[in-house]
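Biologist: I should be grateful for a close look at a single part of this structure, explained for a first-year student. Please begin with the surroundings and then turn to the part itself.

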Amino acid sequence: MRPTSTLFTALLFGPLLATCQSNLPPPSAGIFTAQASICIQAPIELAWTALLDFASYPKWNPFARSMKVANGLGVVLDDQTPQENRRLWIQAQIPPLEPPVNENTPPNVLHSQVSFENITTIDSTTRRASWRAIMLPDILLDAERWSALSVPNSSCTLYESREVFGSLVSLLVDLSMAPGLQKGFEYQAAEYKRYVEGLAI
Ligand SMILES: *[C@@H]1O[C@H](CO)[C@@H](O)[C@H](O)[C@H]1NC(C)=O
Ligand SMILES: *[C@@H]1O[C@H](CO)[C@@H](O)[C@H](O)[C@H]1NC(C)=O
């Protein structure tokens, strides 16, 4: 490639690449993906702490209304510190509740879902966390939810969240729950931003 066209390529695609920087691992193959990302004006350390402070989720999260850390038998632990290979009881609203919510917002029982998941990644170096549905065999429901934080530039702590649904049940999820799940990821990102920026003041 001649130098001029290299320069041209850099000018054309440089800004695009810069805005597409992601700290999520490459997506696995799947049938349906729900995802959201948002810039938060707060230090990454504060955002990371809030992401793992599951006990506070009922105060702000319209999608994952409650996340309880449990042992391998599903017994909720006194020590709610998220650790790899601990389990999670997640109570989700699909579609999400209308924000804002707090710990007293009543659930919509018709849209409440409980899932039992394994914490597969808690990495404070890469700022990535993931948990994976294990209630059903992978062949029926293969779904792993990733969250990642990064600082692409001085005016943004980037929060990214993604879940790829990869198997049979996903077909049903795709048909019946896809719009509600996608809305859940979007509302969760917006309310997480509001919550963390509130903590930063
Ligand atoms: C900072 O990064 C975010 C996310 O990639 C992008 O949306 C924003 O435009 C960037 N801001 C500046 C000033 O470069
Ligand atoms: C849970 O995740 C951890 C960390 O990736 C893994 O070592 C463990 O085998 C998983 N357990 C189950 C039951 O899936």
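Modeller: The account below starts with the whole chain, moves to the sheet, and ends with the enclosed space beside it. The model is a predicted one.

The chain has 201 residues, of which 42% count as buried. Its secondary structure comes to 4 helices and 7 strands. Read from the N terminus, the elements follow the order α-β-α-α-β-β-β-β-β-β-α. Among the contacts with a separation of 6 or more, 64% are between residues 24 or more positions apart.

The sheet comes next. Its 7 strands form an open sheet with antiparallel pairing, in the order E1-E7-E6-E5-E4-E3-E2. Strand E1 (32-40) and strand E2 (64-70) each have a single partner strand, so they stand at the edges and one side of each is left without a neighbour in the sheet. From one strand to the next, the twist averages 25 degrees.

Each edge can be examined in turn. At one of them, E1 runs antiparallel to strand E7 (residues 156-165), and 9 bridges join the two. Within this pairing, Ile38 stands opposite Tyr159 in E7. At the other edge, E2 and E3 pair in the antiparallel sense over 6 bridges, and Ala70 stands opposite Arg87 in E3. Although E2 is an edge strand, 6 of its 7 residues are buried, and it is mostly covered. In a regular strand, side chains point alternately to one face of the sheet and to the other.

A helix lies across part of this sheet. Helix H2 (residues 44-52) lies across strand E4 (112-123), strand E5 (128-133), strand E6 (143-153) and E7. Relative to E6, helix H2 runs at about 165 degrees.

The aromatic residues give a further view of how separate parts of the chain meet. The structure holds 9 aromatic pairs. In one of them, Trp89 and Phe116 have ring centres 4.5 Å apart and planes at 35 degrees, so the pair is tilted. Because Trp89 lies in strand E3 (residues 87-93) and Phe116 in strand E4, the pair ties together parts that are 27 residues apart in sequence. The relative accessibility of Trp89 is 30%, so this residue counts as partly exposed. Phe116, with 13% relative accessibility, counts as buried. Another tilted pair is formed by Tyr159 and Tyr192, at 4.5 Å centre to centre and with 50 degrees between the planes. Tyr159 belongs to strand E7 and Tyr192 to helix H4 (residues 168-200), so this pair ties together parts that are 33 residues apart in sequence. Both Tyr159 and Tyr192 are buried. These two residues also belong to one aromatic cluster, together with Phe54, Tyr57, Trp60, Trp131 and Tyr195.

Several of these residues return at the part chosen for the close look, the largest cavity. The structure holds 1 cavity of 30 Å³ or more. About 80 Å³ of space lies in the largest cavity. Four members of the aromatic cluster, Tyr57, Trp60, Trp131 and Tyr159, are also found in its lining. The other lining residues are Leu51, Ala64, Met67, Ile90, Arg145, Ser147, Ser161 and Gln188. Helix H3 (57-60), E2, E6 and E7 each supply at least two residues of this lining.

One residue of the cavity lining, Ser147, may be followed in detail. Ser147 is placed in strand E6. Its relative accessible area is 3%, so Ser147 is buried. Once neighbours within four places in sequence are left aside, Ser147 is in contact with Leu24, Leu51, Arg127, Arg128, Ala129, Trp131, Tyr159, Glu160 and Ser161. Of these contacts, Leu51, Trp131, Tyr159 and Ser161 line the largest cavity as well.

The largest pocket is a separate item. Its volume is about 370 Å³. The pocket is lined by 19 residues, and those nearest its centre are Gln113, Ser115, Glu117, Leu141 and Met177. Its lining draws at least two residues from each of E3, E4, E6, E7 and H4.

To return to the close view, Tyr159 links several parts of this description: the residue faces Ile38 across a strand pairing, forms a tilted pair with Tyr192, is in contact with Ser147, and lines the largest cavity.

How values were computed
Residues are numbered from 1 along each chain as its sequence is written. Chains are lettered from A and ligands numbered from 1 in the order in which they are written. This is a predicted model: local features need pLDDT of at least 70, side-chain atom pairs count only at pLDDT 80 or more; totals for chains, interfaces and linings use all residues. Side-chain values use heavy atoms; hydrogens and water are left out. Two strands pair if DSSP finds at least two bridges between them. Axes are lines fitted to C-alpha atoms, for helices over the stretch in contact, and angles run from 0 to 180 degrees between N-to-C directions. Contact means heavy atoms within 4.5 Å. Rings of Phe, Tyr and Trp (its six-membered ring) pair if their centres lie within 6.5 Å; planes under 30 degrees apart count as stacked, over 60 as edge-to-face and the rest as tilted. Buried means under 20% relative accessible area, exposed over 50%, partly exposed in between (1.4 Å probe, protein chains only). On a 1 Å grid over the protein atoms alone, a cavity is a set of points where a 1.4 Å probe fits but cannot get out, and a pocket is an open set with protein on both sides within 12 Å along at least five of seven lines; lining residues have an atom within 4 Å of a point. Grid points are joined across faces, edges and corners, and a volume is the space filled by probe spheres set on the points.
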